[in-house]
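Trainee: Could we go through this structure together, with you showing me how each label is earned?
Mentor: Happily; let's put it on the screen.

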Amino acid sequence: MTEEIIIAGFGGQGVLSMGKILAYSGVMENKEVSWMPSYGPEMRGGTANVSVIISDERISSPVINAFDTAIVLNQQSMDKFENAVKPGGCLIYDPNGITRHPERKDIKVYTIAANDAANEMGLNKVFNMIVLGGFLKVKPLLQPEFIHKGLEKSLPARHHNLIPENEKAIELGKTLIKEVR
Amino acid sequence: MEELRLMKGNEAIAEAAIRAGCDGYFGYPITPQSEVMEYLMKERPENRTGMVVLQAESELAAINMVYGGACCGKRVMTSSSSPGFSLKQEGISYMAGAELPCLILNVVRGGPGLGTIQPAQSDYFQSTKGGGHGDYRLIVLAPSSVQEMADFVALAFDLAFKYRMPSLILSDGVIGQMMEKVVLPEQRPRFTEAEIRKNTPWATVGKTPDREHNIITSLDMDAASQERHVLHLQEKYNAVEENEVRFEEIQCEDAEYVFVAYGSCARICQKAVDLARAKGIKVGLLRPITLFPFPKKEIARLAERAKGFLSVEMSLGQMVEDVRLAVNGKTKVEFYGRVGGIIPNPDEVVKALETKLL
């Protein structure tokens, strides 16, 4: 098993930390992982993306140009990464703020209204975990116990009281994801 | 005890420095390596091992603090990225002249000038041919994973002390910024004062009645004696070339074509090897781990039977010159590179192989 993922959106949406939790969960399940961010001036409001690879085998290149899954959280990222999904791959996006929906017919497309759900429930800080839940529903790569351990490892100890809220958000995400085609 | 962590390359190097028994880090922040000092400041190694961490007022100050620490026989280091590394060249040349061991990390970004903060490998000439003035070399290690970022710290210190010369870890924005699994080395103690007196008798740690004053300088106005000194340095560099070549070969046994790549480009080429072999092209990868000393004998050996080499770099063709010297006209040597912070992807590397060599 090798899953090559790009997570892309605005800075401040928790794109990088979502990738980190995913990668750490992979480590906990004894997988090979890599986490490669776009870095630099991309602060809050700018674009941010991270490619995460989770594999049973040694990872050769952490830099990749085609993905099994693209998780897209704004229009710029849709424009940039829709065509980077491998044929037969999977595109997950939050329709909030999307003006041009994906057009490709050779990939699976899912929506997750994570932004609306987070606003309604006052869960803005775990928006990214709702999205992660949706991804894990579509691609159950990692067992929940290892996601729990991944959260423990990637959050500093003083935030461990927030783990149940994060896990609740992941479960919510699993119920919100919808297959478009 | 061995400990498995998920870390950025920059963080791994910082933690490995503490564990290597480093006495002092002196740096000045610059993207994409600022996590090195950030990690050290957060970790407060003065409470763990007594290691000093200091943010200097400039790169010049940082490298000269390293000079001072090294004079006292301490394991000292600095880190920077390309523009900051250029600023440090004067101090590095002085340390080479004064035969001082230290560790320098350059997490390369695109140049020239301030260039970009994105990854590059365009400091190869500067790193391997002597970036400052005078006839000198650095031992240059090129990690291609977060694990090697951690592993090369103690190695670089040990080589620096073995040969009394600065060691450079030449990394890039990809290896510095990405996170991978890393098994951290065990903690080793810092040198004791007694060990410094015994193992580095040249160190300026205070005169004792049984010896003359130790003098550390890179200045010698007597031409004959300066020539002897430079020839002595050259003998050391020859010994380094004889003893310290390190490289990795991947699928070279039956290879008709050979990629030569280091650092993050070597990772990209590993994937390109898999992609090309799936198409039936017999290609392998030679990954220099030391850039000085360069694995020229191994390349010459492969050149006896390979149909061609492709040097893949994030530069406009720097290491390829060393590949050509090693191949010495026996077979074709081509180059593929991207610059300005663009990272070549495995598909375009395979395409370059097909168009330039097949």
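**How the labels are earned**

Mentor: Before we start, keep in mind that this is a predicted model. In chain A, 57% of the 181 residues count as buried.

Trainee: What makes a residue count as buried?

Mentor: A residue is called buried when its relative accessible area is under 20%. By that cut-off, 57% of chain A's 181 residues qualify.

Trainee: Which elements make up chain A, and in what order do they run?

Mentor: Chain A has 6 helices and 7 strands. From the N terminus, they follow the order β-α-β-β-β-α-β-β-α-α-α-α-β.

Trainee: Why is chain A called as compact as a globular protein of its length?

Mentor: For 181 residues the globule rule gives 16 Å, and the radius of gyration of chain A is 15 Å; the two are close, so chain A is as compact as a globular protein of that length.

Trainee: What share of the contacts in chain A join residues at least 24 apart?

Mentor: Among contacts between residues at least 6 apart in sequence, that share is 59%.

Trainee: Now to chain B. Which residues of helix 13 are buried?

Mentor: In helix 13 of chain B, residues 319–327, they are Met319(B), Val320(B), Asp322(B), Val323(B), Ala326(B) and Val327(B).

Trainee: How do you know whether they line one face of the helix?

Mentor: Look down the axis of helix 13 of chain B: its buried residues fall within an arc of 155 degrees, so they line one face.

Trainee: What phi does Asn328(B) take, just after helix 13 of chain B?

Mentor: Asn328(B) has a positive phi of about 55 degrees.

Terms used: Residues are numbered from 1 along each chain as its sequence is written. Chains are lettered from A and ligands numbered from 1 in the order in which they are written. This is a predicted model: local features need pLDDT of at least 70, side-chain atom pairs count only at pLDDT 80 or more; totals for chains, interfaces and linings use all residues. Side-chain values use heavy atoms; hydrogens and water are left out. Helices (H or I, at least four residues) and strands (E, at least two) are DSSP runs, numbered from the N terminus. The radius of gyration is taken over C-alpha atoms; the globule rule is 2.2 Å times the number of residues to the power 0.38. Buried means under 20% relative accessible area, exposed over 50%, partly exposed in between (1.4 Å probe, protein chains only). Contact means heavy atoms within 4.5 Å. The arc is that of the directions from the helix axis to the C-beta atoms.
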